[in-house]
Amino acid sequence: MQPAPSLRHFCDIAAELGPVREMGAGRAGRRRIVPIVGGRVTGPDISGRVLNLGADWQTIFADGTAELDTRYAMETDDGALIEVVNYGFRHGPADVIERLAAGEEVPPDSYYMRTQARLETGDAGYAWVNRMLFVGTGARQRSSVRISLFAIE
């Protein structure tokens, strides 16, 4: 057996969200678009802002599981643009998910929100992100989402 990979904290993303746009029923479930309109990125080797040009294209399945499919970008304080494509799931007990949907603050450990992320940039100073895999843990708040990304080493 090969050794298990380790995780290294890369950044915390506090993404501000616009109003949810309900699309209605799709082929696989209820569809909705959640605009990503700004925010901050902080981490041991990175800081910057989330740009106002992305969205989370969600599918809510019959069992209440949310499939998260986001694409957005960050601009580092030193001027690099980094694209983030983040895919994952959020689910939990029905009462917890209902409270989240109502905009209530819910402890993140009371539900599951995990992602896999691909980052891409043309900036030489951050080119290493093009060759790494990332996983994330998340928390949904009333008008924002918090994601911690970890590089898989």
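Here are three short exercises on this predicted model, each with a worked solution.

Local features are read at pLDDT of at least 70 and side-chain atom pairs at pLDDT 80 or more, while totals for chains, interfaces and linings use all residues. Residues are numbered from 1 along each chain as its sequence is written, and side-chain values use heavy atoms, with hydrogens and water left out.

**Exercise 1. Place strand β8 among its partners**

Task: work out which strands pair with β8, and which residues of β8 are on its covered face.

Solution.
- Start with the strand itself: β8 spans residues 112-120. Strands here are DSSP runs of E with at least two residues, and helices are runs of H or I with at least four, numbered from the N terminus.
- Sort the faces. Met-113, Thr-115, Ala-117 and Leu-119 make up the covered face; Tyr-112, Arg-114, Gln-116, Arg-118 and Glu-120 are on the uncovered one.
- Now look for partners, bearing in mind that two strands pair if DSSP finds at least two bridges between them. β7 (residues 81-91) runs antiparallel to β8, with 9 bridges, and β9 (residues 133-140) is also antiparallel to β8, with 4 bridges.
- Finish with Ala-117: its bridge partner in β7 is Asn-86, and in β9 it is Phe-134.

**Exercise 2. Follow the salt bridges**

Task: take Glu-22 and Glu-83, find their salt-bridge partners, and say what each pair ties together.

Solution.
- Set the rule: a side-chain nitrogen of Lys or Arg has to be within 4 Å of a carboxyl oxygen of Asp or Glu. A search of the whole structure turns up 9 such bridges.
- Glu-22 goes with Arg-32, with 3.6 Å between the closest N and O atoms. Glu-22 sits in β2 (residues 21-25) and Arg-32 in β3 (residues 30-42), so this pair ties together parts 10 residues apart in sequence.
- Check exposure (buried is under 20% relative accessible area, exposed over 50%, partly exposed in between, with a 1.4 Å probe and protein chains only). Glu-22 is partly exposed at 48%, whereas Arg-32 is buried at 11%.
- Glu-83 meets Arg-71 at 2.8 Å between the closest N and O atoms. Arg-71 belongs to β6 (residues 66-76) and Glu-83 to β7, so parts 12 residues apart in sequence are tied together.
- Glu-83 also meets Arg-118, at 3.5 Å from N to O. Arg-118 is in β8, so here the pair ties together parts 35 residues apart in sequence.
- Step back: salt bridges with shared partners join Arg-71, Glu-83, Arg-118 and Glu-120 into one network.

**Exercise 3. Describe the largest pocket**

Task: say what lines the largest pocket and which element gives the largest share.

Solution.
- Define it: on a 1 Å grid over the protein atoms alone, a pocket is an open set of points with protein on both sides within 12 Å along at least five of seven lines, and lining residues have an atom within 4 Å of a point.
- Count the lining: there are 20 residues, and Arg-32, Arg-90, Ile-97, Leu-100 and Ala-101 lie nearest the centre.
- Assign elements: β3, β7 and α1 (94-101) each give two or more residues, and α1 has the largest share, with 5.

Methods. On a 1 Å grid over the protein atoms alone, a cavity is a set of points where a 1.4 Å probe fits but cannot get out, and a pocket is an open set with protein on both sides within 12 Å along at least five of seven lines; lining residues have an atom within 4 Å of a point.
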